[in-house]
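Thanks for coming. I have one structure to go through this morning, and I will keep to salt bridges and pockets.

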Amino acid sequence: MLALAAARGALEEKASQITRKYMPRQLEEVQSALALELSDWQRVDAEWPMEIKSRLVLRLEGEAAARTQAYEDALRDQQLQHEIYESRVAHMRDKVLADADTARAWWLERHREGHQPIAWDEFNTHILPFVGRSDDAQSNAMRTAYVLAQAVERLEDDPARHKLFVATARLLMKEMDWPDLAEGLTLPEQRKLQPDQ
């Protein structure tokens, strides 16, 4: 009986050294590792002239099995949520934000359906500039218009600098040989001072 107890203790120790490396859900893997380790005769203790060899069958029962199943279910759910998120990010990157027209169409569709709509100004200034091919004429024009609008807005409280900015822009338009655009930048008080043509 003493020898049997010693053999059982040695077997449990060897099995414990292997099983503690695995999660409960890895039942098949730990079963294979145990089979490999215990398939040949081996000496268990230098003091005992005894060798052991064993075949173990592992199974989870009752509460342990229920906990393992709940863990598996939660893990699968998390993996699924992660895959859905990765799929959405890939779709946004590869499809929606691939070009400016598709990005605008996406914004309009989301806005129309009311799915957490993004304000147009925010979309236009924070998202559209980072679109893959956002160098189309419309995107460039909108970015330029936004920058100019921001500049004019900042100059509202400084009339002197505002006049200087407009005068500089008018000179630039004239230099580009666009007199009609230069005329559009003429301030109302300046129009009164100009002689009739």
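I will start with the salt bridges, then take one buried residue, and finish with the two pockets. Please keep in mind that this is a predicted model.

First, the charged pairs. Side chains of opposite charge can pair when their charged atoms come close. In this model the count is four salt bridges. One of them joins the side chains of Glu63 and Arg67, at 3.0 Å from N to O. These two residues are four apart in helix H3, so about one helical turn separates Glu63 from Arg67. Glu63 and Arg67 are exposed.

Further along, Asp73 forms a salt bridge with Arg76, and here the closest N and O atoms are 2.6 Å apart. Both residues are again in helix H3, with a spacing of three residues, about one turn of the helix. Asp73 has 37% relative accessibility, so Asp73 counts as partly exposed. Arg76 is also partly exposed, because its relative accessible area is 45%. This pair does not stand by itself: Glu72, Asp73 and Arg76 are linked in a network of salt bridges.

Then there is Arg93 with Asp94, whose closest N and O atoms are 3.0 Å apart. Arg93 counts as exposed because its relative accessibility is 51%, while Asp94, at 44%, counts as partly exposed.

Now the buried residue. Thr68 lies in helix H3, which covers residues 62-96. Its relative accessibility is 14%, and therefore Thr68 counts as buried. What does Thr68 contact, leaving aside its neighbours within four places in sequence? The answer is Pro24, Arg25 and Leu60.

On to the pockets. The largest pocket holds about 260 Å³ of space. Its lining consists of Tyr85, Arg88, Val89, His91, Met92, Arg93, Trp106 and Arg110. The elements giving two or more residues to that lining are H3 and helix H4, residues 100-113. H3 supplies the largest share, six residues. By class, the lining of the largest pocket has four nonpolar, one polar and three charged residues. Arg93, from the salt bridge with Asp94, is among the lining residues.

The second largest pocket has about 210 Å³ of space. It is lined by 13 residues, and those closest to its centre are Leu148, Phe165, Ala169, Met173 and Leu185. Helix H6 (137-154) and helix H7 (159-175) are the elements that each give two or more residues to this lining. H7 contributes the largest share, seven residues. How does this lining divide by class? There are nine nonpolar residues, four polar and no charged.

That is what I have; I can go back to any part.

Terms used. Residues numbered from 1 in each chain as written. Predicted model: local features only at pLDDT ≥ 70, side-chain atom pairs only at ≥ 80, totals over all residues. Heavy atoms only, no water. Buried < 20%, exposed > 50% of the residue type's maximum accessible area, 1.4 Å probe, protein only. Contact = heavy atoms within 4.5 Å. 1 Å grid on protein atoms, 1.4 Å probe; cavity = no way out; pocket = protein on both sides within 12 Å on 5 of 7 lines; lining within 4 Å. Points joined across faces, edges and corners; volume = space filled by probe spheres on them. Nonpolar A, V, L, I, M, F, W, Y, C, P; charged D, E, K, R; others polar.
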